[in-house]
Structures are given as structure tokens and as C-alpha cells.
Amino acid sequence: MTIRCIAVDDEPLALDIIESYVSKLPYLELVKTCSSATEAMQVLQEEQIDLMFLDIEMPELTGIQFLNILKHQPLIIFTTAYPDYALEGFNQDAVDYLLKPIPFDRFLKAVTKAQERLQRNGKNSEAAAAQAPTQYVAPQHEQDFMFVKADYKTIRVDFKDILWIEGLKDYIIIQTKEQKIITLLSMNKMMEKLPDSKFLRVHRSFIVSLQKIDSIEKSRIRIGNKEVPIGEVYKEQFLKWVEENNIQ
């Protein structure tokens, strides 16, 4: 199994170290080293990449900002000199979080975890070459719950309890009947965790539970006492759902 990877860091020395480490592992293929997120984005559009070593503190776009605008992502191993980003890194479903200077044994451990994750999902570069790059996603759509990180712990959230989800800058609010859960996650990442049959994004800042909708009026949805706007960009998709469910 060959793991195709790229390294993204604005420090040439850091890229040299990763390149040296990768050369010691025959199952890793370093496709490209990139000094910026924009350069890495171009590579991801043109190549099938399984794994990305990604720095966080970079000019123009940080590693976290870069991930939040990517539609398709490879597996991520963060490489950074700042331990403060650890929680945010793991909220991005990163394989591992390596602190600089990175010793080889710690690098090897992180790569082994990535290899195991790829193997569990039957993903290798030969099988994936014919399709667009895709991020590993655990089979949560077959479950009726998900886990999110909030208040320095991992919380189980049952899909049936969610009323709506609201985006708030870099955070999202998951509103249930019993509580409000605030977690560091993008709206796109959250949509990947939710079953398409039960949830729909109806606005740049709102995802609703379709089972919890009480009424629909023009460009608004009411769930209990909450009025949720329907954005123009999402209106067509919502109206399609209305039509498919014979809602008059």
C-alpha cells in the first residue's frame, strides 16, 4: 500500500525534515512540498493525495482556515510549534498532532495511525486514482448519533434530539430540547456528520432537523419558538424537499 502525501509549511527547514523522514519509509510517496496553503490547494486539485502534513501558523491562510475552505480533504497530520492548537486540531478529525521539533519515532507513530485508518477503510492510491480525492469519514450515517468535542470533553449527541444547528463564526451551536452545545467546527464538517435524510442546510448559518419543522411560511421555518430563515442559495434544495414530501 502506497500512501501519497504532501507537506505544507512556510518554513523550508520543516519541509526538509518531513522530506527526510518520508524518504525513510518506503510506503510513503511525497508528491510535493508546499510553502503555502494556496500552493497546496492547487496540488490537491490536480493529484490524488491520501495524507497531508499540515502546519497551522502560516501567512495568508492558517492550516485550520485552509481545511475549512476545502471541499475534499485527505487525512491530516498537523505539524506545529504551538501546543495551544491541539484541541482545535483534533476537532478537525486530524489523525495526529505533532509538535516541532518532531522526533522520527513520533513521526513514525503518526504515520502508522494514518496507515491503519486508510487500511480499515479499504482506501489505497491505486483504487482511489479513478475518483476525486475524498476525506475519510467514519460510517456515522449508519448510526443514530455522533460525537462532538465541547467543554474539554467528547459529548454524544443523538440525531433525534437535535432541533437545529446554527453557525457562529468559527463555532457552531447544536440546539437540542435539553441543552445548547457549542463546538469548534465548520458547517460543512457538520453536514458530513449528519444523515442527509434527516437534516438539511437551509441557510449559510443554519441546518435544521427536517423531523422537527413545525411550520413553513414564505422564506422562514419555525421550530418551536425559533424562526429560521431560508437563504436564497438554499431555497431550491429546500423546495425540492417540500415537493418530494408532498407538503402543500
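Two strands count as paired if DSSP finds at least two bridges between them. Keep that in mind for a later stop on this tour of a predicted model.

**The whole chain**

Start with the protein chain coloured by secondary structure: there are eight helices and 15 strands to find. Next, colour by burial. Of the 248 residues, 48% are buried. If you like contact maps, take the contacts between residues at least 6 apart in sequence: 53% of these join residues at least 24 apart. Then switch on the surface, where the chain exposes about 13,500 Å². Carbon and sulfur atoms supply 49% of that area.

**A hairpin**

Now select residues 199–203, which are strand β11. How many of its five residues are buried? Five of the five are, so to speak, tucked under cover: the strand is mostly covered. Add residues 206–209 to the selection to bring in β12, which runs antiparallel to β11 and is joined to it by four bridges. Together β11 and β12 form a hairpin, with two residues between them. For a pair to look at, show H203 and F206: H203 stands opposite F206 of β12.

**Helix α2**

Move on to residues 37–46, helix α2, and show A37, A40, V43 and L44 as sticks; these four are buried. Why are they on the same side of α2? Because they cover an arc of only 115° around the axis. A general rule helps here: an α-helix has 3.6 residues a turn, so residues three or four places apart point the same way. Turn the view to the other side of α2 and you will meet Q45 and E46, which are exposed.

What do the buried residues of α2 pack against? Select β1 (3–8), β2 (28–34), β3 (51–54) and α3 (63–69) to see these partners.

**A nonpolar patch**

Return to the surface and pick L168, Y171 and I182, which make a nonpolar surface patch of about 290 Å². One of them, L168, lies in strand β8, so select residues 162–168 to place it. With a relative accessible area of 47%, L168 is partly exposed.

**A cis peptide bond**

For the last stop, zoom in on K100 and P101. The peptide bond from K100 to P101 is cis, with omega near -5°. Where is P101 found? Look in the loop between β5 (96–99) and α5 (104–120).

Note on methods: Residues numbered from 1 in each chain as written. Predicted model: local features only at pLDDT ≥ 70, side-chain atom pairs only at ≥ 80, totals over all residues. Heavy atoms only, no water. Buried < 20%, exposed > 50% of the residue type's maximum accessible area, 1.4 Å probe, protein only. Arc of directions from axis to C-beta. Contact = heavy atoms within 4.5 Å. Patch = residues over 30% accessible without salt bridge, like charges linked within 9 Å, V, L, I, M, F, W, Y side chains within 5 Å. Areas by Shrake-Rupley, 256 points an atom, 1.4 Å probe, with all protein chains shown as cover. Salt bridge = Lys/Arg side-chain N within 4 Å of Asp/Glu carboxyl O.
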